[in-house]
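Subject: Structure handover and findings

Hello,

Here is the structure you were waiting for. My notes on what was found in it follow below.

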Amino acid sequence: LTNDSLNGVPLLIYANKQDIVTAMNADEITIELELHSIRNRNWQIQNCSALDGTGIEEGLHWLTQSVH
């Protein structure tokens, strides 16, 4: 994230394992990763579960829209 050549490149974070009760939610991840301090790019946390595919398509859709 600190590489100047990547300024403006969108950041997608998949919050996997959302099928598990103890998984961190998007708000908790935002705080832990200090994402609110990122000012040089759009970012998105997408809740997902690789087990059943929930949220994967939505994340890719956001990423596709963000690079156009």
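Helices (H or I, at least four residues) and strands (E, at least two) are DSSP runs, numbered from the N terminus. On that basis the chain reads β-α-β-α along the sequence, with two helices and two strands.

Before the details, two points on the source. This is a predicted model, in which local features need pLDDT of at least 70 and side-chain atom pairs count only at pLDDT 80 or more, while totals for chains, interfaces and linings use all residues. Residues are numbered from 1 along each chain as its sequence is written, and side-chain values use heavy atoms, with hydrogens and water left out.

Overall figures

Taken along the principal axes, the C-alpha atoms of the chain fill a box of roughly 35 × 25 × 15 Å. The accessible surface is about 5,000 Å², and carbon and sulfur atoms hold 53% of that surface. Accessible areas come from the Shrake-Rupley method with a 1.4 Å probe, and for residues only the protein chains shown count as cover.

Three accessibility words recur below: buried is under 20% relative accessible area, exposed is over 50%, and partly exposed is in between (1.4 Å probe, protein chains only). By that scale, 25% of the 68 residues of the chain are buried.

Contact means heavy atoms within 4.5 Å. Among contacts in the chain with a separation of 6 or more, 64% join residues 24 or more positions apart.

Buried positions

The contact lists in this section leave aside neighbours within four places in sequence.

Threonine 30 sits in helix H1 and counts as buried because its relative accessible area is 8%. Its contacts are Leu35, His36, Trp43 and Ile45.

Leucine 35 belongs to the loop between H1 and S2. With a relative accessible area of 3%, leucine 35 is buried too. Leucine 35 touches Thr30, as well as Ile13, Trp43 and Ile45. From leucine 35 to methionine 24 the gap is eleven residues in sequence and 15 Å in space, C-alpha to C-alpha.

Glutamine 46 is part of strand S2. Its relative accessible area is 14%, so glutamine 46 is classed as buried. The contacts of glutamine 46 are Leu12, Ile13, Tyr14, Ala15, Gly55, Glu58 and Gly59.

Glycine 59 lies in helix H2, residues 56–66. Its relative accessibility is 0%, and therefore glycine 59 counts as buried. Glycine 59 is in contact with Gln46, and also with Leu12 and Tyr14.

The acidic patch

Asp27, Glu28, Glu32 and Glu34 form a negative surface patch. The rule for patches is as follows: members have over 30% relative accessible area and no salt bridge, like charges are joined within 9 Å, and nonpolar side chains (Val, Leu, Ile, Met, Phe, Trp, Tyr) within 5 Å. A salt bridge is a side-chain nitrogen of Lys or Arg within 4 Å of a carboxyl oxygen of Asp or Glu. Lys and Arg count as positive and Asp and Glu as negative, with His and the chain ends not counted. Each charge is placed at NZ of Lys, CZ of Arg, CG of Asp or CD of Glu.

Glutamate 28 is in helix H1, and its relative accessible area of 39% makes it partly exposed. Measuring from C-alpha to C-alpha, glutamate 28 is 15 Å from cysteine 48, with their positions 20 residues apart in sequence. Glycine 59 and glutamate 28 are 18 Å apart on the same basis, and 31 residues apart in sequence.

Glutamate 34 is in the loop between helix H1 (26–32) and strand S2 (43–47). Its relative accessible area is 55%, so glutamate 34 is exposed.

Backbone angles to check

Most residues other than glycine have a negative phi, and most peptide bonds are trans. Glutamate 34 has a positive phi, near 55 degrees, and is not a glycine. Lysine 17 is likewise not a glycine and has a positive phi of about 70 degrees. Lysine 17 is placed in the loop between strand S1 (11–15) and H1. Lysine 17 is partly exposed because its relative accessibility is 47%.

Regards
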